[in-house]
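Reader: I am new to this structure and would be grateful for a close look at one part of it, the largest nonpolar core and the helices around it. Please explain each term as it arises.

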Amino acid sequence: MHPKAVRPSLRTWQSRVSFAVMVLSLILTTALLARFGIEDFFHALTFPGRITGAVLLAVALTTLLGAAGVLDHWIRHSFPYSGLVALIGSFAALLTNVLVLVGTVRDGDSKWYPTVIAALSAGSAWAVVTVWRTTIVIPAPKRVAAAVIVSSVVAVANFGYQNLYVPYRQETRPLITLSLGKAVLSKDRKAFSVPVDITLQNHGSVGFYVLGTEVHAMGLRVPLSPRTGSGSSGGTTRRSGPGRRR
């Protein structure tokens, strides 16, 4: 049974605490999502990663508008649809926080991030329930509900596909091969160098990056027999810069 709608107010200390929890949860969610979104949008190594950053920035803007909607819905009452804005922003914060929480737990991040995101998820859930119980003006309720349901299903499906299904089904399988070239004597015929070619191949369907790799080849003196000739062994060091998979 649908709970009876009430008019939002700050007359009691319980209502003031609830109001503070909602606003604080939405603002902190905005800051956290904006941080993740900016990092992914400008520094992600793959195109899907940058798309994820753009989506997080859009959600951060939605949660910020939700916080503004809560302020107007409880205090100013200047915008007739502020309750709807607060509800949409709170629901977006709840859905995103839950998905991020699943990702942090799956990736084995430090305990600090899951704890904070779990607290934000609880605060967002409290905001959704509290705003839903108030008097909200919803133009075209069926269309709004359909838009929210479709966007939620798309967000969950996209998150599950990129973060759960693809890494599980398509693993990265790099293969490193090394080949030695023909030895070259120095002019004084006291040392020689051997060119080394290192090849990195990807036999999987998921791309990866090789950043700032450095390979050291060291040579050691070994006893030589009359068959192998005389001389001393040398060593070479080769460095390769940043590059993508081959």
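Author: **The core and its helices**

The largest nonpolar core has 15 residues, of which Met-22, Val-70, Trp-74 and Val-131 touch the most other members. Such a core is a set of buried Ala, Val, Leu, Ile, Met, Phe, Trp, Tyr and Cys residues joined through side-chain atoms within 4.5 Å. Buried means under 20% relative accessible area, exposed over 50%, and partly exposed in between, with a 1.4 Å probe and protein chains only. Helix 1 (13–43), helix 2 (47–76), helix 3 (82–107) and helix 4 (112–132) each supply at least two residues of this core. Another core, of 11 residues, lies apart from it, and includes Leu-33, Phe-36, Leu-56 and Ala-60.

The model is predicted: local features need pLDDT of at least 70 and side-chain atom pairs count only at pLDDT 80 or more, while totals for chains, interfaces and linings use all residues. Residues are numbered from 1 along each chain as its sequence is written, and side-chain values use heavy atoms, with hydrogens and water left out.

The chain comes to 5 helices and 8 strands, where helices (H or I, at least four residues) and strands (E, at least two) are DSSP runs numbered from the N terminus. From that end, the order of elements is α-α-α-α-α-β-β-β-β-β-β-β-β. Of the 246 residues, 27% count as buried.

Val-131, one of the core residues named above, is in contact (heavy atoms within 4.5 Å) with Met-22, Trp-74, Gly-83, Ala-86, Leu-87, Ser-90 and Ile-136, leaving aside neighbours within four places in sequence.

Met-22 and Val-131 also belong to the meeting of helix 1 with helix 4. These two helices pack at an angle of about 130 degrees, with their axes 9 Å apart; axes are lines fitted to C-alpha atoms, for helices over the stretch in contact, and angles run from 0 to 180 degrees between N-to-C directions. Helix 1 and helix 4 are therefore oblique to each other, given that angles under 35 degrees count as roughly parallel, over 145 as roughly antiparallel, 65 to 115 as roughly perpendicular and the rest as oblique. Among the residues that meet are Ser-25, Leu-28 and Thr-29 in helix 1, and Ile-117, Leu-120 and Ser-124 in helix 4.

Asn-97 lies in helix 3 and, at 2% relative accessibility, counts as buried. Leaving aside neighbours within four places in sequence, Asn-97 is in contact with Thr-29, Ile-117, Leu-120, Ser-121 and Ser-124.
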